[in-house]
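This report describes the folds of two chains, then the contact between them, and ends with some individual residues. Please view the structure alongside the text.

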Amino acid sequence: MECTLQYIPERLHNNIDREIISKYSVGDIIYRRSSERELNNPFASISLYEISNNIGSNCLKIISLEKDVLYNILKDNRFETYDDKVVCTLKIKSLNEDCQYFKVFNVEKNQIKYKCTLALIHDPIPCMYPHCLFRIILNNEVVVKDNYNDTLKRIKELRTKIRHELATMVYRRSIEC
Amino acid sequence: MENLSHLGFQEMLSESFYARSTYEDQFNIGKDAFNSPLVNEVKELYNQFIRLYDTISEFQIKVLTNILNEVNEIKLKIDPNRLKDIEHDMNEDGDLLLFRNTSNGLINLIIHEDESFAFSYIGKENETSLEFYSLEEADFEHLVLKFFSF
């Protein structure tokens with residue numbers, strides 16, 4: 001599928017020959033679109049189902065510029081950039097032995113065990129090759145906006161643990177495994 | 001919270017040899033809520049929560065009441081400047097937040113709609129902590145002192 005948004009620079013398009021990034025390195029940059037409210041207290045504002053970001057750099061190679069994360073990439077929206085948002089720059093400070101960010105959170109509630117994983121995933125889309133996200137999987141189900149209320153939202157301790165982890169990233173401007 | 005005991009408390013503060021000069025400064029600032037140590041200001045803050053957050057639950061009110069009662073109790077024991085920087089918010093999951101942003105880090109009390117609440121500390125460097133509490137088992141005095149200790 002091709003990018004149909006005219007204002008998106010071609011360097012950001014996901015062309016057929018561009019590779020999926022599966023490994024990261026310490027020092028890599030992730031750009032996050034944030035609000036002042038989120039920067040003041042990430043607990044107040046971080047969503048647990050829309051955690052989109054852009055890969056800024058990967059293994060010393062520049063992938064995108066800071067301002068690129070402010071581009072609107074949704075066709076239904078009638079604006080080009082999020083003028084009311086700011087860019088939050090996260091630097092990768094540590095990774096696991098597979099050169100990835102991947103964490104597991106466990107909670108037991110009413111004798112049921114819940115296992116939740118949080119992973120940084122490169123998720124290129126037609127108009128934004130650098131697009132990445134923190135994917136949440138709860139007991140083998142990917143948490144998205146449509147199922148959030150019936151899944152992660154119901155397990156308060158687990159959602160607060162995940163939010164604490166993401167809040168730590170935003171507060172410290174760093175990603176640590 | 002009792003309606004009339006705050007009047008006696010106010011009188012006591014203004015006549016206290018040790019506390020008077022500190023709290024006269026606070027009285028003259030004229031800012032609301034936690035910028036003033038007056039008991040009726042804390043009650044006004046409580047009313048603010050009820051007005052601002054119309055989805056606030058009964059559980060959240062109970063936890064908040066316990067917390068604000070302890071804040072009243074410890075006001076004279078801690079640096080009154082630490083009372084000034086309390087902020088509050090509610091996130092999209094309906095969690096009520098009391099928080100402080102200090103030079104050491106970010107401290108949150110996260111009150112879920114029911115069942116439990118949490119204390120989160122994110123230090124500027126390496127230290128973090130996250131603990132969960134129930135209404136029945138929580139030591140609110142210890143929790144509030146911890147909230148102000150960073």
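## Backbone outliers and chain organisation

Arg173(A) is partly exposed, because 14 other C-beta atoms lie within 10 Å, a count between the limits of 12 or fewer for exposed and 20 or more for buried. The model is predicted, so local features are described only where pLDDT is at least 70. The phi angle of Arg173(A) is positive, about 60°, although the residue is not a glycine. Arg173(A) sits in the loop between H3 and strand E9 (174–175) of chain A, and H3(A) is followed by this residue.

Asn139(A) has a positive phi as well, near 45°, and is likewise a residue other than glycine. Its place is the loop between strand E7 (131–138) and strand E8 (141–142) of chain A. Asn139(A) is exposed, because 12 other C-beta atoms lie within 10 Å and the limit for exposed is 12 or fewer.

### The two chains

Chain A has 3 helices and 9 strands. Along the sequence these elements follow the pattern β-α-α-β-β-β-β-β-β-β-α-β. The radius of gyration of chain A is 16 Å, close to the 16 Å that the globule rule gives for 177 residues, so chain A is as compact as a globular protein of that length. Taken along the principal axes, the C-alpha atoms of chain A fill a box of roughly 50 × 40 × 35 Å.

Chain B comes to 5 helices and 5 strands. Its pattern along the sequence is α-α-α-α-β-β-β-β-β-α. The table lists burial and long-range contacts for each chain; the contact share refers to residues 24 or more positions apart, among contacts with a separation of 6 or more.

| Chain | Buried residues | Contact share, 24 or more positions apart |
|---|---|---|
| Chain A | 34% of the 177 residues | 67% of the contacts with a separation of 6 or more |
| Chain B | 23% of the 150 residues | 46% of the contacts with a separation of 6 or more |

### The sheet of chain B

Strands of a sheet pair through backbone hydrogen bonds, either parallel or antiparallel. In chain B, an open sheet of 5 strands has the order E1-E2-E3-E4-E5, and the pairing is antiparallel. Strand E1 (86–90) and E5 of chain B are the edge strands, each pairing on one side only. On average, neighbouring strands of this sheet are turned by 15° against each other, direction ignored.

Strand E4 (residues 117–123) of chain B and E5(B) run antiparallel and are joined by 6 bridges. Ala118(B) stands opposite Phe132(B) in E5(B). Helix H4 (residues 58–74) of chain B packs on the sheet, where it touches strand E2 (96–101), E3 and E4 of chain B. The direction of H4(B) makes about 130° with that of E3(B).

Ser129(B) lies in strand E5 (residues 128–133) of chain B. With 12 C-beta neighbours inside 10 Å, Ser129(B) counts as exposed. The C-alpha atoms of Ser129(B) and Ile107(B) are separated by 9.6 Å, and the two residues are 22 residues apart along the chain.

### Contact between the chains

Which part of chain A supplies the largest share of the side that touches chain B? In total, 16 residues of chain A are in contact with 19 residues of chain B. Helix H2 (42–45) and helix H3 (156–172) of chain A each supply at least two residues of the side of chain A that touches chain B. The largest share, 9 residues, comes from H3(A). By type, the residues on this side of chain A divide into 4 nonpolar, 7 polar and 5 charged.

H3(A) lies across strand E3 (105–111), E4 and E5 of chain B, and runs at about 20° to E4(B). The end C-alpha atoms of H3(A) are 24 Å apart, which agrees with the 24 Å that its 17 residues should span at 1.5 Å a residue. H3(A) is mostly covered, with 15 of its 17 residues buried.

How values were computed:
Residues are numbered from 1 along each chain as its sequence is written. Chains are lettered from A and ligands numbered from 1 in the order in which they are written. This is a predicted model: local features need pLDDT of at least 70, side-chain atom pairs count only at pLDDT 80 or more; totals for chains, interfaces and linings use all residues. Helices (H or I, at least four residues) and strands (E, at least two) are DSSP runs, numbered from the N terminus. Two residues are in contact if their C-beta atoms, placed from the backbone, lie within 7 Å. Ala, Val, Leu, Ile, Met, Phe, Trp, Tyr, Cys and Pro count as nonpolar, Asp, Glu, Lys and Arg as charged, and the others, Gly among them, as polar. The radius of gyration is taken over C-alpha atoms; the globule rule is 2.2 Å times the number of residues to the power 0.38. The expected span of a helix is 1.5 Å times one less than its number of residues. Two strands pair if DSSP finds at least two bridges between them. Axes are lines fitted to C-alpha atoms, for helices over the stretch in contact, and angles run from 0 to 180 degrees between N-to-C directions.
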